[in-house]
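Please open the structure in a viewer and keep the selection tool at hand. The tour below proceeds by selections, each followed by a description of what is found there.

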Amino acid sequence: MDLVKLGKKGQVTIPRAILRSVGLSEEAPLLVETTREGAILLKPAAVYPIEVYSDQRVAEFERENAVPEDLQAKVRAVLGRDI
């Protein structure tokens, strides 16, 4: 266990050895929360890029993922019912 000091601006420096031991690198995004007992928890946060698709692009995805009618007919014949 290491001792750290809370700075004037409310900042804490986490020792590099601690960061390495949990696989964090510099400037890693962290989530901060508190517990009922008054502990402060830091958890790694994942940041993923978001892509917004146009209606045209969504339609393209739907066309590419469509099940051909002949395959639908074969599945219906095997199952003996509509899918």
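## A guided tour by selection

Begin with Val32, a residue that counts as exposed because its relative accessibility is 59%. Please note that the model on screen is a predicted one. Val32 has its place in strand S1.

**The nonpolar patch.** Keep Val32 selected and add Leu30, Ile40 and Leu42; together these four residues form a nonpolar patch on the surface. Their combined accessible area is about 370 Å². Two elements each give two or more residues to this patch, namely strand S1, residues 30–34, and strand S2, residues 40–44.

**The largest pocket.** Next, select Val12, Thr13, Ile14, Leu30 and Leu42. Of the 18 residues that line the largest pocket, these five are the closest to its centre. The volume of the largest pocket is about 520 Å³. Colour helix H1, residues 16–21, together with S1 and S2: each of the three supplies at least two residues of the lining. Which element provides the largest share of this lining? It is S2, with 3 residues. Colouring the lining by class shows 11 nonpolar, 4 polar and 3 charged residues.

**The second largest pocket.** Now change the selection to Ile14, Ile18, Leu19, Val22 and Leu42. These residues lie nearest the centre of the second largest pocket, which is lined by 13 residues. The elements that contribute two or more residues to its lining are H1 and S2. S2 gives the most, with 3 residues. The volume of the second largest pocket is about 230 Å³. By class, its lining holds 11 nonpolar residues, no polar ones and 2 charged ones. Ile14 and Leu42 deserve a second look, since both names appear among the central residues of the largest pocket and among those of the second largest pocket.

**Salt bridges.** The tour turns now to charged side chains. Side chains of opposite charge can pair when their charged atoms come close. How many salt bridges does a search of the whole structure find? It finds 4, and three of them are visited below, one selection at a time.

*Arg16 and Glu26.* Select this pair and display the side chains. The two residues form a salt bridge, with the closest N and O atoms 3.6 Å apart. Glu26 belongs to the loop between H1 and S1 and Arg16 to helix H1, so the pair ties together parts that are 10 residues apart in sequence. Are these two residues buried or exposed? Both Glu26 and Arg16 are exposed.

*Glu33 and Lys43.* Move next to this pair, whose side chains meet in a salt bridge at 3.3 Å, N to O. Because Lys43 is in strand S2 and Glu33 in strand S1, the contact ties together parts 10 residues apart in sequence. Lys43 counts as partly exposed, at 38% relative accessibility, and Glu33 is also partly exposed, with a relative accessible area of 36%.

*Arg57 and Glu60.* Finally, select helix H2, residues 55–65, and within it Arg57 and Glu60. Their side chains meet in a salt bridge at 2.8 Å, N to O. The two residues are separated by about one helical turn, because they are 3 residues apart in this helix. Arg57, at 31% relative accessibility, counts as partly exposed. Glu60 is partly exposed, with a relative accessible area of 28%.

How values were computed:
Residues numbered from 1 in each chain as written. Predicted model: local features only at pLDDT ≥ 70, side-chain atom pairs only at ≥ 80, totals over all residues. Heavy atoms only, no water. Patch = residues over 30% accessible without salt bridge, like charges linked within 9 Å, V, L, I, M, F, W, Y side chains within 5 Å. Areas by Shrake-Rupley, 256 points an atom, 1.4 Å probe, with all protein chains shown as cover. Helix = DSSP H or I, 4+ residues; strand = E, 2+ residues; numbered from the N terminus. Buried < 20%, exposed > 50% of the residue type's maximum accessible area, 1.4 Å probe, protein only. 1 Å grid on protein atoms, 1.4 Å probe; cavity = no way out; pocket = protein on both sides within 12 Å on 5 of 7 lines; lining within 4 Å. Points joined across faces, edges and corners; volume = space filled by probe spheres on them. Nonpolar A, V, L, I, M, F, W, Y, C, P; charged D, E, K, R; others polar.
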